[in-house]
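Here is a short note for someone opening this structure for the first time. Please keep the sequence and the model side by side while reading.

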Amino acid sequence: MRPAPAIAVDLPALAGWRLAYCALAALSCSVALCTLAARLSLPSLLLGACLASGCVVAVGLAWRCTPFSAGRLRWDGATWWFQAPAWNHACAGRVDLMLDLGDRMLLRFVPDPLSDGTRSAWLPVARLPAHEAGALRAAVYCPGLNPDLSLRRRRDPR
């Protein structure tokens with residue numbers, strides 16, 4: 001099987017994914033607090049205050065610590081490269097498809113073990129031109145030529 005052709009895509013930070021992440025944090029916090037309140041049989045006024053403050057804290061933390069990144073994702077035919085705006089170089093790694101909704105995808109970039117302590121990044125993909133979306137989808141679903149990470153270069157050659 002031939003590898004997918006090389007492609008480079010600029011991924012903007014999408015607020016919709018970030019809002020969904022915050023809503024999920026608020027929902028999980030409210031479920032945990034309601035379960036705790038039911039076990040402790042708290043009065044409804046105290047329960048409401050706990051729920052409101054807990055959800056505000058959960059949404060604030062989720063918004064501040066959101067793992068979704070913008071940047072440039074590149075497939076060169078054998079290796080994935082990702083460069084976030086805050087990084088001074090592109091990092092090699094692998095891309096895992098986490099969610100495919102047709103015209104939208106959620107990818108996770110996992111850097112090589114040889115990288116300089118670069119952390120994983122969640123990459124929401126939406127609103128790409130048709131030719132870029134098709135090429136990116138082909139590269140994500142296509143197996144790479146060499147899965148051995150020890151043979152990859154440490155830094156981007158460009």
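The points below cover the salt bridges, one helix, one tryptophan and the nonpolar cores.

1. Status of the model. This is a predicted model. Please read each point below with that in mind.

2. Salt bridges, overall. How many salt bridges does the structure hold? There are three. Each is taken in turn below.

3. R72 and D10. The side chains of R72 and D10 form a salt bridge, with N and O 2.8 Å apart. D10 belongs to strand 1 (residues 7–11) and R72 to strand 2 (residues 71–75), so the bridge ties together parts that lie 62 residues apart in sequence. R72 has a relative accessible area of 38%. Buried ends under 20% and exposed starts over 50%, so R72 is partly exposed.

4. D100 and R137. Here the N to O distance of the salt bridge is 2.7 Å. This pair also links distant parts of the chain. D100 sits in strand 4 (residues 91–100), R137 in helix 3 (residues 130–141), and 37 residues separate them. Are the two partners buried or partly exposed? D100 is partly exposed, at 30% relative accessibility. R137 is partly exposed as well, at 25%.

5. D96 and R94. A salt bridge joins these two side chains, at 3.0 Å from N to O. D96 is partly exposed, with a relative accessible area of 22%. R94 is partly exposed too, and its value is 40%.

6. Helix 2, length. Helix 2 covers residues 44–64, which makes 21 residues. At 1.5 Å a residue, a span of 30 Å is expected. The C-alpha atoms at its ends are 30 Å apart, so the model agrees with the expected span.

7. Helix 2, two faces. Which residues of helix 2 are buried? They are L51, G54, C55, A58 and A62. These residues cover an arc of only 105 degrees around the axis, so they lie on the same side of helix 2. Helix 1 (15–40) is among the parts that cover them. The face turned away from the buried side carries the exposed residues L45, V56 and R64.

8. W80. This residue is found in strand 3 (residues 80–83). W80 has a relative accessible area of 7%. The cut-off for buried is under 20%, so W80 counts as buried. What does W80 touch, leaving aside neighbours within four places in sequence? Its contacts include L73, R74 and W75, then C91, A92, G93, R94 and V95. F109, L136, A139 and V140 are also in contact with W80. Take V140 as one case: W80 and V140 are 60 residues apart in sequence, yet their C-alpha atoms are 9.6 Å apart in space.

9. The largest nonpolar core. This core has 22 residues. Which members touch the most other members? L73, W80, L107, L123 and L136 do. At least two residues of this core come from each of strand 1, strand 2, strand 3, strand 4, strand 5 (105–111), strand 6 (121–125) and helix 3.

10. A second core. There is also a separate core of five residues. Among them are C22, A25, C29 and A62. A62 appeared in point 7 as well, as one of the buried residues of helix 2.

Technical notes:
Residues are numbered from 1 along each chain as its sequence is written. This is a predicted model: local features need pLDDT of at least 70, side-chain atom pairs count only at pLDDT 80 or more; totals for chains, interfaces and linings use all residues. Side-chain values use heavy atoms; hydrogens and water are left out. A salt bridge is a side-chain nitrogen of Lys or Arg within 4 Å of a carboxyl oxygen of Asp or Glu. Helices (H or I, at least four residues) and strands (E, at least two) are DSSP runs, numbered from the N terminus. Buried means under 20% relative accessible area, exposed over 50%, partly exposed in between (1.4 Å probe, protein chains only). The expected span of a helix is 1.5 Å times one less than its number of residues. The arc is that of the directions from the helix axis to the C-beta atoms. Contact means heavy atoms within 4.5 Å. A nonpolar core is a set of buried Ala, Val, Leu, Ile, Met, Phe, Trp, Tyr and Cys residues joined through side-chain atoms within 4.5 Å.
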